[in-house]
Amino acid sequence: MSVVMYPWLAFGHMTAFLHLSNKLAEKGHEIVFLLPKKALDQVKPLNLYPNLITFHTISIPHVKGLPPGAETNSDVPFFLTHLLAVAMNQTRPEVETILRTNKPDLVFYDSADWIPEIARPVGAKTVCYNTVSAASIALTLVPAAELAKPPLGYPSSKVVLLAREAKTLSFVWRRHEGIGSFFDGKVTAMRNCDAIAIRTCRETEDEPNKTSLEPRWADWLAKFKPGSVVFCAFGSQPVVDKIDQFQELCLGLEATGLPFLVAIKPPSGVSTVEEALPEGFQERVRGRGVVYGGWVQQPMILDHPSVGCFVSHCGFGSTWESLMSDCQMVLVPQHGEQILNARLMAEEMEVAVEVEREENGWFSRRSLEDAVKSVMGEVSEVGEKVRKNHDKWRCVLSDSGFADGYISKFEQNLTDLVKS
Ligand SMILES: C[C@@H]1O[C@@H](OC[C@H]2O[C@@H](Oc3cc4c(O)cc(O)cc4[o+]c3-c3ccc(O)c(O)c3)[C@H](O)[C@@H](O)[C@@H]2O)[C@H](O)[C@H](O)[C@H]1O
Ligand SMILES: O=c1ccn([C@@H]2O[C@H](COP(=O)(O)OP(=O)(O)O[C@H]3OC[C@@H](O)[C@H](O)[C@H]3O)[C@@H](O)[C@H]2O)c(=O)[nH]1
């Protein structure tokens with residue numbers, strides 16, 4: 001089959017689409033992968049089948065209100081995400097031309113809800129591929145009487161939001177000029193496609209990677225004892241918005257006394273992470289702690305023998321990557337969808353520890369320090385419990401028959417869809 005993929009302009013989505021592309025290419029299918037120019041450097045190394053997966057860069061137009069040159073979510077503050085959706089909508093003519101030229105059998109998309117309208121005339125079937133958890137979809141898209149009330153038949157009493165956390169979902173129904181609401185867009189995307197796919201269960205992020213870890217990090221990590229370093233990463237988007245919370249995070253890691261590497265975007269109001277660091281912090285942690293504002297090779301860092309703990313924001317990509325690693329996991333989710341991923345890991349599967357928050361939703365350096373120590377301490381009941389459960393899950397999820405079964409069935413469904 002020939003397939004075109006056009007994911008939402010966020011790394012968490014692009015990487016998930018690329019992992020699926022690898023699985024389809026492994027079966028011999030051809031993929032044209034559409035993405036903004038700026039994302040190419042990060043996404044290209046994940047391509048395991050360059051003979052079958054071709055990247056095609058799309059020009060993302062400037063929209064008033066977006067930072068100049070913004071092309072992906074990592075260039076855009078969270079509260080302006082809707083403008084990135086406006087920019088993506090303006091790429092429709094370019095994508096239409098690509099579909100007319102390529103005449104694919106299938107087009108995969110998640111956010112660009114107009115894809116079915118331009119795919120149908122060229123005879124292509126469409127798949128709305130959801131890269132976030134089924135729980136997040138259920139709580140945001142199934143209309144319920146109360147905000148974020150789980151719909152009928154929802155299988156968990158633990159993967160839920162507290163009342164104050166549910167308030168963060170108000171953006172779902174907020175209408176924006178020209179694009180309507182997030183809810184409208186997602187429902188249109190789901191209604192008009194020929195098939196809905198959801199990324200769930202065994203993930204593909206544990207693919208062997210062809211490149212090696214950058215020497216600057218490999219050399220730095222090699223200085224520390226096996227399993228001793230805390231790696232903290234908050235995804236590709238700026239998520240810790242407030243400078244005070246950013247500093248609590250740094251101070252909490254400092255207080256653990258362990259070596260640590262943080263990869264995070266700067267908070268609002270500053271342009272580099274260095275400007276936001278607490279006073280005297282760099283001098284105090286020199287030699288054992290680094291806070292870095294650029295892109296790092298996360299899966300490879302998680303795989304490094306010196307790394308023993310992953311402090312994560314619970315993006316769904318990072319959630320799967322941490323599950324497949326053998327790091328202890330500490331969770332500091334920032335938004336509704338990430339909070340649900342955290343509940344799944346901490347409450348339902350009991351493989352991780354979620355950092356406690358105060359009534360106002362903030363976490364303190366002390367709560368972060370406690371959470372890290374609870375999983376890294378040599379004699380810790382909690383640490384032992386989550387490690388044991390995590391080992392069990394990793395074993396189940398890594399079994400090769402497990403993943404292959406899913407992919408083969410999925411490929412068969414796609415073949416039937418194309419023939420139908
Ligand atoms: C703060 C607001 O953020 C903006 O959200 C965009 C981000 O949305 C993330 O997550 C979701 C994606 C999907 C999806 O692809 C398909 C679905 O059927 C449902 C969802 O739901 C969510 C989701 C759910 C709950 C929640 O609290 C969320 O924050 C998101 C996506 O992964 C991320 O990459 C996007 O950037 C939103 O546009 C809004 O304008 C902002 O104010
Ligand atoms: O420096 C970096 C940052 C990120 N990454 C990779 O980029 C991906 C990030 O994806 P995540 O899903 O974890 O997080 P993001 O915040 O980028 O994603 C976004 O879309 C997916 C949603 O589940 C998240 O809630 C949303 O924030 C991961 O595969 C991670 O390994 C790096 O390799 N290096």
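These points cover the surroundings of ligand 1 and the packing of helix H14 in a predicted model.

1. Shell around the ligand. There are 19 residues around ligand 1, and those that come nearest are His-13, Phe-78, Leu-141, Leu-169 and Glu-337. By residue class, the shell consists of ten nonpolar, seven polar and two charged residues.

2. Helices that supply the shell. At least two shell residues come from each of helix H3 (81-89), helix H6 (134-141), helix H8 (182-192) and helix H15 (336-348).

3. Polar contacts and cover. Oxygen atoms of ligand 1 pair with protein atoms at several places. A polar backbone atom of Glu-337 lies 3.0 Å from a ligand oxygen. On the side-chain part, an N or O atom of Trp-8 is 3.3 Å from an oxygen atom of ligand 1, and a polar atom of Lys-186 is 3.4 Å from one. Ligand 1 taken alone exposes 770 Å², of which the protein buries 91%.

4. Cover of helix H14. This helix spans residues 316-324 and is mostly covered, with nine of its nine residues buried. The buried set includes the aromatic residues Phe-316 and Trp-320, along with Glu-321. Gly-317, Ser-318, Thr-319, Ser-322, Leu-323 and Met-324 also belong to the buried set.

5. Partners of helix H14. The buried residues of H14 pack against three helices, namely H13 (298-303), H15 and H17 (381-398), and against strands S12 (307-312) and S13 (328-331). Helix H15 thus appears in both parts of this note: as a packing partner of H14 and as a supplier of at least two residues to the shell around ligand 1.

Definitions and conventions:
Residues are numbered from 1 along each chain as its sequence is written. Chains are lettered from A and ligands numbered from 1 in the order in which they are written. This is a predicted model: local features need pLDDT of at least 70, side-chain atom pairs count only at pLDDT 80 or more; totals for chains, interfaces and linings use all residues. Side-chain values use heavy atoms; hydrogens and water are left out. A residue is near a molecule or strand if one of its heavy atoms lies within 4 Å of it. A polar contact is a pair of N or O atoms within 3.5 Å; within protein, one must be able to donate a hydrogen and the other to accept it, and residues adjacent in sequence count only if both atoms are side-chain atoms. Accessible areas come from the Shrake-Rupley method with a 1.4 Å probe; for residues, only the protein chains shown count as cover. Helices (H or I, at least four residues) and strands (E, at least two) are DSSP runs, numbered from the N terminus. Ala, Val, Leu, Ile, Met, Phe, Trp, Tyr, Cys and Pro count as nonpolar, Asp, Glu, Lys and Arg as charged, and the others, Gly among them, as polar. Buried means under 20% relative accessible area, exposed over 50%, partly exposed in between (1.4 Å probe, protein chains only). Contact means heavy atoms within 4.5 Å.
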